[in-house]
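Here is a short exchange on one protein model. Look at the entry first, then read on.

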Amino acid sequence: MREPKQKTSEQAFQQLSAACAQAEHCQQEMLDKMRRWGLDESEQASVMERLVKGRYVDDERFCRAFVRDKIKYNKWGRRKVEQALWLKHIDADICQRVLDEIDEKDYIDILRPMLQQKRRTVRAANDYELRMKLMKWALSRGFTMDIIRQCMETGEDENELLDEDL
């Protein structure tokens with residue numbers, strides 16, 4: 001594999017600010033790029049300071065966009081989003097504040113149709129096995145047990161989830 005070229009701090013700032021102008025990025029992503037480019041820690045700190053001061057990088061703004069996209073488009077639950085933000089080294093206070101803004105109803109509105117669709121492909125010998133498979137699948141998507149139970153209870157009341165071809 002080819003070694004990346006050594007960049008100056010000004011080149012790094014120009015390239016990173018251009019990337020931030022196109023899409024939201026967090027501080028950790030910028031630091032990782034600078035580390036790969038071989039910038040020493042003092043240069044990384046000065047470039048990062050310029051990026052933050054110029055509002056090219058804002059972890060809270062990134063977190064809001066990330067959470068919105070992952071829930072709406074990837075259909076992730078709260079736990080999976082939390083884990084992804086933790087991997088990006090987003091401050092726990094920011095994560096908590098942004099995730100608390102998401103209404104529980106939004107998660108339910110996303111999970112209910114997904115469970116209905118998943119039910120069509122799940123094979124189970126009985127209701128108990130079916131419920132466990134659906135719960136396990138929903139948990140793997142990052143939804144909490146509270147949300148899963150609410151969706152499954154509603155689905156049972158409406159005979160949507162469990163009455164099909166058992």
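The questions below cover cores, cysteines and charged pairs.

This is a predicted model, where local features need pLDDT of at least 70, side-chain atom pairs count only at pLDDT 80 or more, and totals for chains, interfaces and linings use all residues. Residues are numbered from 1 along each chain as its sequence is written, and side-chain values use heavy atoms, with hydrogens and water left out.

Reader: Which helix gives the most residues to the largest nonpolar core?

Author: A nonpolar core is a set of buried Ala, Val, Leu, Ile, Met, Phe, Trp, Tyr and Cys residues joined through side-chain atoms within 4.5 Å. Buried means under 20% relative accessible area, exposed over 50%, partly exposed in between (1.4 Å probe, protein chains only). The largest core has 31 residues, and Val67, Leu85, Ile90, Leu111 and Phe143 touch the most other members. Helices (DSSP runs of H or I, at least four residues, numbered from the N terminus) supply this core, and the one that gives the most, with six residues, is H7.

Reader: How many disulfides does the structure hold?

Author: A disulfide is a pair of cysteine sulfur atoms within 2.5 Å. A search of the whole structure applies that test. The count is zero.

Reader: How far from Cys63 is the nearest cysteine sulfur?

Author: Cys63 is in no disulfide. Cys63 is buried, because its relative accessibility is 0%. The nearest cysteine sulfur belongs to Cys95, at 4.6 Å.

Reader: Which residue meets Arg78 in a salt bridge?

Author: A salt bridge is a side-chain nitrogen of Lys or Arg within 4 Å of a carboxyl oxygen of Asp or Glu. Arg78 sits in helix H5 (residues 78–87) and is buried, because its relative accessibility is 17%. The bridge spans 3.0 Å, N to O. The partner is Asp100.

Reader: How many residues apart are Asp100 and Arg78?

Author: Asp100 is in helix H6, while Arg78 is in helix H5. The pair links distant parts of the chain. The separation is 22 residues.

Reader: Why are Glu49 and Lys53 separated by about one helical turn?

Author: Their side chains meet in a salt bridge at 3.3 Å, N to O. Glu49 is partly exposed at 46%, whereas Lys53 is exposed at 65%. Both lie in helix H3 (residues 41–53), and the spacing is about one turn because they are apart by four residues.

Terms used. Helix = DSSP H or I, 4+ residues; strand = E, 2+ residues; numbered from the N terminus.
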